[in-house]
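Here is a short briefing to read alongside the sequence and the 3D view. Have both open and follow the bullets topic by topic.

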Amino acid sequence: MANNNNIKLFYSPGACSLAAHILLNEIGAKAETINLSVKNGFPEEHRGLNPKGKVPILVLNGETITENPAIFTAISQLAPERNLLGKTGLEQVRVYEYLNYLSGTLHSQIYGQIFRPSRFTDEEAALPGVKAKGFKSLGESLEYVESTLTGGVHAVGGQFTVVDVYLYVFYRWAAALGLDPEAKYPKYAALVAELLKKKSAQDALAAEDVPSFAPKL
């Protein structure tokens with residue numbers, strides 16, 4: 001079980017911060033969770049915590065940590081016996097290979113084009129095209145993720161890692177957009193179904209009061 005000294009997670013319901021919320025539950029950390037609800041913009045009174053104006057924000061023993069891969073690493077270090085970053089050196093490499101792709105491409109670029117197209121152009125007339133490109137790229141990206149899932153119901157090493165929870169965030173968003181990922185990406189759906197058996201995931205969803213978009217396998 002984790003050392004629970006002074007852990008705070010700043011999140012927004014259903015945002016990518018859901019992954020960190022699940023991970024903290026998974027290791028048994030008694031973290032304080034603070035809902036910033038950034039749907040209508042990042043609260044200015046909290047910008048000092050993260051000048052980038054994004055969640056999640058993890059405060060751990062007085063240190064403020066941002067960006068999902070860094071936060072996942074910090075949480076995993078609280079419970080090294082769980083091997084949440086993989087058991088072997090190669091598995092750890094594969095975990096970070098996934099995290100870099102998911103964070104830098106699928107999250108920031110592709111979902112960014114769909115949810116925040118104004119980040120990519122100042123031209124109002126160009127916004128629909130940016131969003132359409134995002135949807136096209138999303139289908140290609142989810143197909144790529146599906147092709148990588150060759151190890152059963154987990155992404156890396158045949159065991160639960162931080163990658164599984166991060167993948168769940170993007171499956172959930174695709175389902176919320178009406179893209180029917182269960183029908184199109186059965187291996188991805190099986191991974192999500194396995195994750196949602198965990199009490200850590202169920203409790204985080206309940207605390208954030210958001211739907212799971214669970215596959216009906």
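**Where the domains meet**

Between domain 1 and domain 2, three residue pairs are in polar contact, counting pairs in which both residues have pLDDT 80 or more. On the side of domain 1 that touches domain 2, the elements giving two or more residues are α1 (18-26) and α2 (68-77). By class, that side of domain 1 has eight nonpolar, four polar and three charged residues. Please keep in mind as you read that this is a predicted model.

**Layout and contact area**

- The protein is divided into two parts, with domain 1 covering 7-82 and domain 2 covering 89-198.
- If you look at the C-alpha centres of domain 1 and domain 2, you will find them 20 Å apart.
- The contact between the domains involves 15 residues of domain 1 and 14 residues of domain 2.
- Together, domain 1 and domain 2 bury about 1,300 Å² between them, and 68% of that is on carbon and sulfur atoms.
- Cys16, Pro69 and Phe72 are worth picking out here: they supply 30% of the area that domain 1 buries against domain 2, more than any other three residues.

**A serine to find in domain 2's helix α3**

- Ser103 is found in helix α3, which runs over residues 89-115.
- Is Ser103 buried or exposed? Ser103 counts as buried because its relative accessibility is 14%, and the cut-off for buried is under 20%.
- Leaving aside residues up to four places away in sequence, Ser103 touches Pro69, Ser108 and Tyr166.
- Pro69 therefore appears twice in this briefing, as a contact of Ser103 and as one of the three residues named for the area that domain 1 buries against domain 2.

**The salt-bridge network around Glu26**

- Across the interface of domain 1 and domain 2, the rule finds one salt bridge.
- Lys198 forms a salt bridge with Glu26, and their closest N and O atoms are 3.0 Å apart.
- Arg82 also forms a salt bridge with Glu26, with the closest N and O atoms 2.6 Å apart.
- Arg82 lies in the loop between α2 and α3 while Glu26 lies in helix α1, so this pair ties together parts that are 56 residues apart in sequence.
- Glu26 is buried, with a relative accessible area of 14%, whereas Arg82 counts as partly exposed at 30% relative accessibility.
- Glu26, Arg82 and Lys198 are thus linked in a network of salt bridges.

**Salt bridges within single helices**

- How many salt bridges does a search of the whole structure find? The search finds eight, and two of them are described below, each set within one helix.
- In helix α4 (residues 127-148), Lys136 and Glu140 sit four residues apart, about one turn of the helix.
- Lys136 forms a salt bridge with Glu140, the closest N and O atoms being 2.8 Å apart.
- Both partners count as partly exposed, Lys136 at 48% relative accessibility and Glu140 at 41%.
- In helix α8 (residues 199-208), about one helical turn separates Lys199 and Asp203, because they are four residues apart.
- Lys199 forms a salt bridge with Asp203, and here the closest N and O atoms are 2.6 Å apart.
- Lys199 counts as exposed at 57% relative accessibility, while Asp203 counts as partly exposed at 34%.

Key. Residues numbered from 1 in each chain as written. Predicted model: local features only at pLDDT ≥ 70, side-chain atom pairs only at ≥ 80, totals over all residues. Heavy atoms only, no water. Domains from an automatic or database assignment. Contact = heavy atoms within 4.5 Å. Buried area = accessible area lost by both parts, 1.4 Å probe. Salt bridge = Lys/Arg side-chain N within 4 Å of Asp/Glu carboxyl O. Polar contact = N/O pair within 3.5 Å; in protein donor to acceptor, adjacent residues only side chain to side chain. Nonpolar A, V, L, I, M, F, W, Y, C, P; charged D, E, K, R; others polar. Buried < 20%, exposed > 50% of the residue type's maximum accessible area, 1.4 Å probe, protein only.
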